Amino acid sequence: MKVVGDSMGYTDLLFISISFFTILSGLMIILSRNLVYSAVYLSILGLLVATLISLLGLPTLGVIHVLVYVGAGVLFIVMTTLLLREEFPREVRSLRIPAFLVAILSAFPLAYISIKTENSTIVLDKPDYAYIAEYLVANYSILIMIIASVSALSLFVSLLIAMKRVRE
Amino acid sequence: MNYVLLTASILLAISIYGILSSRNIARILISAEIMFNAFILIIVGFFSYIYSYLGGIILTPYAAGYISTLVLVSILLAVSEIVVTFSILIALIRYGVLKKIDTEEKIIRDLTMGGEEK
């Protein structure tokens with residue numbers, strides 16, 4: 001990892017440590033026996049991914065990831081799993097070895113690219129939210145209103161589905 | 001080395017393993033969420049790589065806006081997907097329709113014996 005106009009060391013260490021904890025929380029999600037703990041580890045993963053996004057030079061997107069994804073989405077999963085009082089035990093298929101091989105083969109091309117490439121912290125001449133606002137207003141103003149309406153409608157419909165009473 | 005892309009690739013492998021090896025529908029959905037986080041890191045990591053490849057020049061507003069908007073829309077769509085899929089999951093569990101997905105033993109039994117239990 002190279003910061004433009006800076007010799008490395010500290011930033012490398014920061015990226016390596018955050019990447020390590022990100023991978024660790026990802027592993028804990030699938031290894032936890034209780035689904036509530038998996039959801040909590042998912043929220044930790046979201047926070048660490050937001051940190052990585054911010055370190056790459058897009059802090060506004062990191063904040064949105066924390067507020068919207070972790071704050072709303074993952075918290076919804078945590079509350080759902082807590083309130084359901086259903087047991088979701090960790091049951092593993094007998095196809096573990098083929099699943100492991102498929103996972104390794106799927107991720108190998110990206111891992112190869114990551115070893116062969118370098119990246120740097122992005123330096124923008126304006127804050128990134130200014131770029132987002134300019135781009136969206138210039139190109140997709142009507143579409144944004146439609147997406148906002150559909151998102152609100154999906155939230156409403158999902159609440160209706162969740163609150164629907166079970167027929168006797 | 002591109003640490004962000006490496007992290008994304010390992011997260012991708014973890015999520016694929018979780019999806020393929022789990023029998024529980026809620027765990028499969030949570031594994032899919034790991035995959036979403038990996039894809040966000042892939043988008044930002046490739047953007048950062050392209051920026052580095054170009055020598056750290058000041059990006060055009062169009063390019064910066066395009067990539068940032070792509071990430072933003074991905075995050076918002078993922079949250080919508082979480083809310084809708086977990087609501088459907090709650091409804092299915094409350095109706096008693098679904099707790100586990102079919103095991104491979106049941107799939108094989110369906111295919112070979114027409115679903116009759118022996």
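Here are three short exercises, with worked solutions, on how chain A and chain B fit together in this predicted model.

**Exercise 1. The interface as a whole**

Task: Work out how many residues each chain brings to the contact, how much area is buried between chain B and chain A, and which helices of chain B take part.

Solution:
- Start with the residue counts: chain A brings 84 residues to the contact and chain B brings 76.
- Next, the area: about 7,300 Å² is buried between the two chains, and carbon and sulfur atoms give 73% of that.
- Now look for the top contributors on chain B. Tyr3(B), Tyr17(B) and Arg27(B) supply 10% of the area that chain B buries against chain A, more than any other three residues.
- Then check the polar side of things. The rule finds 0 salt bridges across the interface of chain B and chain A, but 9 residue pairs in polar contact, both at pLDDT 80 or more.
- Go on to the helices: H1 (3-21), H2, H3 (61-94) and H4 (104-113) of chain B each supply at least two residues of the side that touches chain A. H3(B) gives the most, with 24 residues.
- Finish by sorting that side of chain B by class: 48 residues are nonpolar, 19 polar and 9 charged.

**Exercise 2. A helix pair between the chains**

Task: Decide whether H2(A) and H2(B) are roughly parallel or roughly perpendicular, and find the residues that make their contact.

Solution:
- Two packed helices are described by the angle between their axes and the distance between the axes.
- For H2 of chain A (residues 35-55) and H2 of chain B (residues 25-53), the angle is about 5 degrees and the axes lie 11 Å apart.
- Angles under 35 degrees count as roughly parallel, so H2(A) is roughly parallel to H2(B).
- On the H2(A) side, the contact residues include Leu42(A), Leu45(A), Gly46(A) and Val49(A). On the H2(B) side, Arg27(B), Ile30(B), Glu33(B) and Asn37(B) are among them.
- By class, the residues of this contact divide into 13 nonpolar, 3 polar and 2 charged.

**Exercise 3. A helix pair within chain A**

Task: Describe how H3(A) and H5(A) are oriented to each other, and which residues meet.

Solution:
- Take the geometry of H3 (residues 59-84) and H5 (residues 128-139) of chain A: their axes come within 7 Å and cross at roughly 80 degrees.
- Angles of 65 to 115 degrees count as roughly perpendicular, and H3(A) and H5(A) are therefore roughly perpendicular to each other.
- Pro59(A), Thr60(A) and Leu61(A) of H3(A) meet Asp128(A), Tyr129(A) and Ile132(A) of H5(A).
- The residues of this contact divide into 4 nonpolar, 1 polar and 1 charged.

Notes: Residues are numbered from 1 along each chain as its sequence is written. Chains are lettered from A and ligands numbered from 1 in the order in which they are written. This is a predicted model: local features need pLDDT of at least 70, side-chain atom pairs count only at pLDDT 80 or more; totals for chains, interfaces and linings use all residues. Side-chain values use heavy atoms; hydrogens and water are left out. Axes are lines fitted to C-alpha atoms, for helices over the stretch in contact, and angles run from 0 to 180 degrees between N-to-C directions. Helices (H or I, at least four residues) and strands (E, at least two) are DSSP runs, numbered from the N terminus. Angles under 35 degrees count as roughly parallel, over 145 as roughly antiparallel, 65 to 115 as roughly perpendicular and the rest as oblique. Contact means heavy atoms within 4.5 Å. Ala, Val, Leu, Ile, Met, Phe, Trp, Tyr, Cys and Pro count as nonpolar, Asp, Glu, Lys and Arg as charged, and the others, Gly among them, as polar. Buried area is the accessible area (1.4 Å probe) that two parts lose on being put together, summed over both. A salt bridge is a side-chain nitrogen of Lys or Arg within 4 Å of a carboxyl oxygen of Asp or Glu. A polar contact is a pair of N or O atoms within 3.5 Å; within protein, one must be able to donate a hydrogen and the other to accept it, and residues adjacent in sequence count only if both atoms are side-chain atoms.
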